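Q: Please look closely at the surroundings of one bound ligand, and then place them in the context of the neighbouring parts of the assembly. A connected account, suited to a first-year student, would be appreciated.

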Amino acid sequence: MSQQEPIREMICISCPLGCHLSLYKDENDELTVTGNKCKRGVVYAEEEYYAPKRVVTCTCPAESEVFPRLPVRTTTSLPKEHIDALLRAAYALTVKPPVACGEVLIENFEGTGVDLIASMSLGAEQ
Amino acid sequence: MHCEGREGMKELQYDVLVIGAGAAGLAAALEVSRNNASCALVERESHLGGILIQCIHNGFGLEEYKEELTGPEFAERQVQAVRAADVDIFTDTTVTQLNAENDRKEAYCYSAVYGVLRISVRAVILAMGCRERNRGNIRTPGTRPAGVYTAGLAQRLVNIEGYIPGQDVVIVGSGDIGLIMARRMTWVGAKVHAVIEIQPYPSGLTRNIVQCLNDFDIPLYLSHVVSRIEGKQRVEKVQVSPLTNGIPDEENSFEIPCDTLLLSVGLIPENELSKEAGMEINPQTNGALVDATMMTSIDGVFSCGNVLHVHDLADWVAEEARRAGAYAVRYLRNERPKRQIRIKAGANVRYINPAMFDPDNPDKLYFRSLIVKNQAKLQIKLDHKPVKEVRLSHVQPSEMLHVKLKPKDVAGWNIMKDSVLEVSIE
Amino acid sequence: MASTDAAAVRADVAIIGAGLSGSCIARQLSAYELDIVLLDKECDVSMGVSRANSGIVHGGFHHNLKYLKSRLEIRGNLMYDRLQRELDFPFKRCGILVAALNDEEMKYIDHLYTQGVENGAIGIEMCSRERMFELEPKLNPDCVGGLHAPGGGVLEPYRFVFSVVESAQKNGVEVVTNFEVVHAERAGERYRIHAADGRQVEARYVVNAAGLFADRVSEIFGAEEFQIIPRKGEYFLLDRATEAAPQRVLFPVPTKVSKGMLVIPTVEGTVLIGPTAQEIEDKEDVSTNADQLNLILDQARKMVPKVSQTDVITAFSGLRPALADGDFYIDISAKAPNFIQVAGIQSPGLTAAPAIGEYVKDLVKKAGCSLVEKADWDPYVSKLPRIRDLGPYEADNLVNANPAYGNVVCRCEEISEAEIVEAIRRGHTTLDGIKYFTRAGMGRCQGGFCSYKIIKLLIRETGMSYKDIQKCGAGSELLRDAL
Ligand SMILES: Cc1cc2nc3c(=O)[nH]c(=O)nc-3n(C[C@H](O)[C@H](O)[C@H](O)COP(=O)(O)OP(=O)(O)OC[C@H]3O[C@@H](n4cnc5c(N)ncnc54)[C@H](O)[C@@H]3O)c2cc1C
Ligand SMILES: Cc1cc2nc3c(=O)[nH]c(=O)nc-3n(C[C@H](O)[C@H](O)[C@H](O)COP(=O)(O)OP(=O)(O)OC[C@H]3O[C@@H](n4cnc5c(N)ncnc54)[C@H](O)[C@@H]3O)c2cc1C
Ligand code: SF4
């Protein structure tokens, strides 16, 4: 197998060691991983390969003098292919204070089960 | 709180003054007030939380709150706690002068709201954070056009004000701020063409390399420098050179057209106020030299957070600041360590904080490695005799490390007045 | 800079170039019953040679009196105390030392001393090694002796120009910025002067004080042919906390091409080291170069060994607008009528500037312009308070009167919101304009902390769009887009 070219290489970020992982496919289309120093490396590689996800943090326009942008984030990690759409949706929102940290701004984005929430409170302004 | 006017200027008295309301100042002030001392918290900006407010990404709070938060969320939890406590908060107020040589210390503060305030206290906690190194500090030659920003300034412009400084970006420095900004600029529609790092290894967290660069195929040039900036009015391109024996190799240089250069080339503790007050500085950290109680060379003046040494994690800032707060209150009660010995940075250790050790109250030590290594070993020696060893799975200069000594570690030590504790990495 | 829309301006005198020379000329002429316009191609005044130089009021010993520049230097130096009282700009007669590092150099000191005495430089003194170290303990221990000229000093050149221009404006001079003179023709008794953007100004007399571009402007007016050769000088600026700060300006023994690499305690407390001297071709090339910057550090350490590269907060360069013979060329043109040349104003142009003003005033008269004194000429400008210079009690009073003085915007240089707003109201509406007027952004963080605050103040005060905010003039817009 070592002669075979890896189909992907990646760095495991599950701990500070940062193992350089090589991913291979065998005859049965099963994924094998080398370079990991522990089992978490395999789990990481499988998820990154089959269903990569990211927490997205950005800002929405807010009707506020002091903070014209409200920081927002996804509740959990979002499948990567939805990120661009989420960013566009977030930039297109306009939030009117008051808003509380944790308040849901978009629920169940594109059916992913992931919400977009405010990550800062903005009080009402006079 | 005691307030009196003299010649019109407002005068206030407290037990403790905390300067700066970032992660450090907030944690310190809360701890002071929990210990029933009166406390003023002075912050130059109109918001509390310091740099956290512009760090809208996640990666905060895993130790403090056992969950992953963004910077503003982390700050908000701290702020709520401080607002609920008995702390007098002064925002939009800048401390411009500190007279700390006497038993009662005085700080002059400028504010559009309060005018000039004189705050008189018995102890001061410095929590002013740091500033970014800039183009002049790294002496990049070339023209001086618009379009050169420090990464933190760009972060502020994008995240808080909502402005996009440029469309075609090159980033100097692979520290976490630079990496986070690479992703942020991409997510606001700019093209990040490259990250240029002078060291042979990246100086940010691997997680950020993966999620902020690799995710977007942004190339990282290690052992390279931006050797020239070009463009008359606005940046037009930069020249990038590989380093050979530490010198930019002109022959193998190449150009990257861009309109924006973001500099993420390190932070410097903001100690001008403290230096003017006569405080001794550790040249390795540009922060104060502190003893085992986080007290600086000036009696009754304590230091914590980024103004003491540049931290990677807000959680550790908060932890350190809490200790500074607690020690400041003990100082008010005249509880000082019975004895302290010197701590020295040994082989492969850039610095260690604090610089003194109290054997009767062993506590956490923060330090940074000079080397990159997996399966390293931390070696602690007392007067050249090994007294403790700790395995470290991975060390690198950009990741701060810590070790906590326990009373049982210290129990058998033969400590003399001039004993020295040496910490090294193998 | 607050400037007039010049669509139909008719004046008696047009001065091209609002640097040290042009502004001093304008102020001097503003004492007479004349309509005067001061034109500059940049977005603000003092953005040419007068923005990047050593800022030294020279001591009067470097050049022989046979040169016009030397005579104007001596005269100009003496005019500064009165100007400071009238115009309130930062200026300090800190004195100058020239340090000899060996006996060979000491011989040259002899020569400088004799020259200084002949020139009438006040208080000039030959110094033993001991005397030198008494005056400056931070000197290189190899110093064998030197020269002390107590009459030398330092000032912030652009601040000086801003004050001079303000005074000129107060006395009726019109300032027109972003006005690049590209063409001129005679229209009867006048010149019609055209700007690149189509605006026009008419004037009976024209003064060419265009610095590096004086040759070009002379050509535009069909006057004498000559060539300005730019000679670049690069600098490092050191943090005010540096241990290398001397008490006085330190000169090495000069070389043929320049006065050598200096260590200058600026009037604002920072330290400037440089300049280099390199002939170049492009008059707009104010880039800095790695080899030159290394040279500066090496040479500066020869004066003060404590100079450290960790103290560097920024680097910049300026171009000396030199003529081949090295002297100033100030005269009535023999070819173009009523056209006065002020060219080749390299060092000591700053020192000489007030005297250049006087000298040109006389030439304007000689050219036939009648000068009638104004009865109400006012030499004073109002003093602008700066919180940095005030004690806490004074500052408190100021803040009570105007709370914006309590809002510290630039932390490194301690500049308040009120000072920045004042700069904006006086027409400094670019980041560089505000920086040179107030010093905000000139300190150790170089604008890292305060730029966004200044951008917000600019938007608030002028109502301009974020897209129009510039560092310095068209093309230097800072923000490309908004979310
Ligand atoms: C871009 C970036 C990304 C980061 N990412 C992470 C991360 O993912 N996870 C993590 O845990 N940590 C992260 N950190 C680190 C962490 O956020 C910081 O180390 C921490 O917030 C520093 O706190 P501080 O209180 O020491 O400094 P600051 O937050 O800088 O606070 C200092 C405060 O003092 C005030 N001040 C200064 N001088 C005066 C004066 N004279 N008078 C009055 N007020 C004054 C300032 O205005 C400021 O509010 C990041 C930091 C940065 C910059
Ligand atoms: C490196 C260096 C160090 C120096 N150090 C010292 C010192 O320590 N002491 C000292 O006494 N002197 C010093 N000098 C000399 C001094 O700086 C100059 O003599 C002085 O600044 C020249 O002023 P100026 O008004 O003649 O030229 P400038 O300041 O260049 O003014 C000319 C103006 O004309 C404008 N202009 C040009 N073309 C046009 C056009 N076509 N239309 C409209 N406007 C135009 C330009 O924009 C510019 O603002 C130094 C010079 C340099 C370069
Ligand atoms: S594979 Fe295991 S040891 Fe290696 S980086 Fe991942 S979690 Fe760490």
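A: **The shell around the ligand**

The shell around ligand 2 comprises 16 nonpolar, 15 polar and five charged residues. The model under discussion is a predicted one. Altogether 36 residues surround ligand 2, and those that come nearest are C:Ser21, C:Asp40, C:Ser50, C:Ile345 and C:Thr351. Three elements of chain C, namely α1 (20-29), β18 (312-322) and α8 (349-366), each contribute at least two residues to this shell.

Polar atoms of the protein also meet oxygen atoms of the ligand. C:Thr351 places a polar side-chain atom 2.6 Å from an oxygen atom of ligand 2. The side chain of C:Asn53 has an N or O atom 2.9 Å from an oxygen atom of ligand 2, while C:Leu350 brings a polar backbone atom to 3.1 Å from an oxygen atom of ligand 2. On its own, ligand 2 has 1000 Å² of accessible area, and the protein covers 98% of it.

Ligand 1 may be described in the same manner. It has 33 residues around it, with B:Ala24, B:Glu43, B:Gly59, B:Asn306 and B:Ala314 coming nearest. The polar partners here include backbone atoms: an N or O atom of the B:Ala314 backbone is 2.7 Å from an oxygen atom of ligand 1, and the corresponding distance for B:Ala23 is 3.1 Å. Of the 1000 Å² that ligand 1 exposes when taken alone, the protein buries 92%. Two or more residues of its shell come from each of α1 (23-34), β5 (58-60), β8 (93-99) and α8 (314-332) of chain B. By class, that shell holds 16 nonpolar, twelve polar and five charged residues.

The account now returns to chain C and one of its helices. In helix α9 (residues 392-401) of chain C, the buried residues are C:Pro392, C:Ala395, C:Asp396, C:Leu398 and C:Val399. These residues lie on the same side of α9(C) because they cover an arc of only 165° around the axis. In general, an α-helix has 3.6 residues a turn, so residues three or four places apart point the same way. C:Asn397 and C:Ala401 are exposed on the other side of α9(C). The buried residues of α9(C) pack against strands of chain B, namely β2 (9-13), β9 (105-111) and β10 (115-121).

A further contact between the two chains involves a residue of strand β13 (residues 148-150) of chain B, B:Thr150. B:Thr150 is buried because its relative accessible area of 7% is under the limit of 20%. Beyond its neighbours within four places in sequence, B:Thr150 contacts B:Glu132, B:Arg133, B:Asn134, B:Leu263 and C:Gly448. Its side chain is joined to that of B:Glu132 by a polar contact of 2.7 Å.

B:Met128, finally, is found in the loop between β11 (123-126) and β12 (130-132) of chain B. With 16% relative accessibility, B:Met128 is counted as buried. Leaving out residues up to four places away in sequence, B:Met128 touches B:Ile19, B:Glu270, B:Asn271, B:Leu273, B:Ser274 and B:Val307.

Notes. Residues are numbered from 1 along each chain as its sequence is written. Chains are lettered from A and ligands numbered from 1 in the order in which they are written. This is a predicted model: local features need pLDDT of at least 70, side-chain atom pairs count only at pLDDT 80 or more; totals for chains, interfaces and linings use all residues. Side-chain values use heavy atoms; hydrogens and water are left out. A residue is near a molecule or strand if one of its heavy atoms lies within 4 Å of it. A polar contact is a pair of N or O atoms within 3.5 Å; within protein, one must be able to donate a hydrogen and the other to accept it, and residues adjacent in sequence count only if both atoms are side-chain atoms. Accessible areas come from the Shrake-Rupley method with a 1.4 Å probe; for residues, only the protein chains shown count as cover. Helices (H or I, at least four residues) and strands (E, at least two) are DSSP runs, numbered from the N terminus. Ala, Val, Leu, Ile, Met, Phe, Trp, Tyr, Cys and Pro count as nonpolar, Asp, Glu, Lys and Arg as charged, and the others, Gly among them, as polar. Buried means under 20% relative accessible area, exposed over 50%, partly exposed in between (1.4 Å probe, protein chains only). The arc is that of the directions from the helix axis to the C-beta atoms. Contact means heavy atoms within 4.5 Å.
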